[in-house]
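Here are a few notes on the charged pairs, for when you have the model open. Have a look at the side chains first, then read on.

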Amino acid sequence: PKARHSNRRLSSTNFLKKYDNIFKSDMKIIMKTDNRDLFEFSLIEFVNYGYKIEYISLDLSAEQDLDNVMTEYEKKFSSKGYKIYKVVVKK
């Protein structure tokens, strides 16, 4: 993704501000992606906005996470050997 599109990302500060109005009590975000640049961008945005990292995985498919529900895209990219990155943040 181009840098000028960063404000369109769901983990950008613009969206994090909107989430403040949506969350009722437990401000928790679970994010998974195969895109390392997006993942790194999101980690920085989350921390700068005041979220604390509860869990992080740099290769979710290599872990035995029995609670993980694989999305269609996660299955597709995992089968091609892509790493799946996951973070759980809470505010």
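1. Which side chain does D26 meet in a salt bridge? That would be K90, at 3.4 Å from N to O. Bear in mind that this is a predicted model. D26 sits in the loop between helix 1 and strand 1 (28-33) and K90 in strand 3, so the pair ties together parts that are 64 residues apart in sequence. Both ends come out as partly exposed: D26 has 40% relative accessibility, and K90 has 33%.

2. Next door in sequence terms, take K91. Its side chain meets that of D20 in a salt bridge, 3.8 Å from N to O. K91 belongs to the segment after strand 3 (85-90), while D20 is in helix 1 (residues 13-22), so this contact ties together parts 71 residues apart in sequence. K91 is partly exposed, with a relative accessible area of 40%, and D20 is partly exposed too, at 28%.

3. Then there's E74 with K32, where the closest N and O atoms of the salt bridge are 2.6 Å apart. Here helix 3 (residues 72-79) supplies E74 and strand 1 supplies K32, which links distant parts of the chain, 42 residues apart. The two ends fall in separate classes: E74 counts as buried because its relative accessibility is 6%, under the 20% cut-off, whereas K32 is partly exposed at 28%.

4. For the overall tally, a search of the whole structure gives 4 salt bridges. The pairs discussed above, including D26 with K90, are among them.

Conventions:
Residues numbered from 1 in each chain as written. Predicted model: local features only at pLDDT ≥ 70, side-chain atom pairs only at ≥ 80, totals over all residues. Heavy atoms only, no water. Helix = DSSP H or I, 4+ residues; strand = E, 2+ residues; numbered from the N terminus. Buried < 20%, exposed > 50% of the residue type's maximum accessible area, 1.4 Å probe, protein only.
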